[in-house]
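The following exercises concern the local surroundings of one residue and the packing of two helices. Each task is followed by a solution in steps.

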Amino acid sequence: MTSILVVEDEARIATFVEKGLTASGYAPTVVGSGREALDYLATGSFDLVLLDVGLPGGMDGFAVLARMRAGGDATPVIMLTARTSLDDTIQGLDGGANDYVPKPFKFDELLARIRLRLRESGQISAGETVLRHGDLALDVRTRRVTVGETAVDLSAREFALAEQFLQHPDQVLSREQLLSRVWGFDFDPGSNVVDVYVRYLRGKIGADRIETVRGMGYRLV
């Protein structure tokens, strides 16, 4: 199982990312400071690091990254930050980061970045980018969706929703889970946007493919 070190001191975001990664089939380890991150990197084997820039304890994400690269650690690093200035982005990338994701972010975007960096590092193959369930197929690399031999045109949000269902076939996904994974941790939990987009998706891939489980959520069948 792909192992990911999550270095994030804000508990709400750390929990959001940890739950999403676990549900997507990854094995996350969460730490809250730069020094903890270096300790874990020295003793454990990780396939990728999600590294927050603003960390407590006098060692921020840039310093952690610098120590990693100076020590010859080539593990892919995706930096997470509330800082959106061009100078910070350049500092991270010049320091050896593989990617840079500003907060707030949508989990499906983060997941796509993770898959891309793992493919680049050889951790997963291109063949794993196609998700299938029956005659429904979704290629996360080319963003192409087919039902049988027919191509289906999905919006970006419809695609992200379909991807969640295909990653968890026959599993009930609650509205809260879908909100956090597709729309992001800061989205209004009282919104009916999930129901609206499930209806859109049913209209494009087939109404009988997504089952409503009363009081619980939705399931791809």
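**Exercise 1.** In this predicted model, determine which residues R175 touches, leaving aside residues up to four places away in sequence.

*Solution.* The contacts of R175, counted in this way, are V194, D195, M216, G217 and Y218. With D195, the side chain of R175 also forms a polar contact of 2.8 Å.

**Exercise 2.** Locate R175 in the secondary structure and classify its accessibility.

*Solution.* Step 1: R175 belongs to helix α7, which covers residues 175–183. Step 2: the relative accessibility of R175 is 30%. Step 3: buried requires under 20% and exposed requires over 50%, so R175 is partly exposed. Step 4: as a spatial reference, the C-alpha atoms of R175 and G190 are 9.8 Å apart, with 15 residues of separation along the chain.

**Exercise 3.** Describe how helix α2 packs against helix α3, and give the character of the residues in their contact.

*Solution.* Step 1: α2 spans residues 34–43 and α3 spans residues 61–70; their axes lie 9 Å apart, at an angle of about 25°. Step 2: angles under 35 degrees count as roughly parallel, and therefore α2 is roughly parallel to α3. Step 3: the crossing of α2 past α3 is right-handed. Step 4: α2 contributes G34, A37, L38 and L41, which meet V64, R67 and M68 of α3. Step 5: the residues of this contact comprise 5 nonpolar, 1 polar and 1 charged.

How values were computed. Residues numbered from 1 in each chain as written. Predicted model: local features only at pLDDT ≥ 70, side-chain atom pairs only at ≥ 80, totals over all residues. Heavy atoms only, no water. Helix = DSSP H or I, 4+ residues; strand = E, 2+ residues; numbered from the N terminus. Buried < 20%, exposed > 50% of the residue type's maximum accessible area, 1.4 Å probe, protein only. Contact = heavy atoms within 4.5 Å. Polar contact = N/O pair within 3.5 Å; in protein donor to acceptor, adjacent residues only side chain to side chain. Axes fitted to C-alpha atoms, helices over the stretch in contact; angles between N-to-C directions. Parallel < 35°, antiparallel > 145°, perpendicular 65-115°, else oblique. Left-handed = near helix turned anticlockwise from the far one by under 90°. Nonpolar A, V, L, I, M, F, W, Y, C, P; charged D, E, K, R; others polar.
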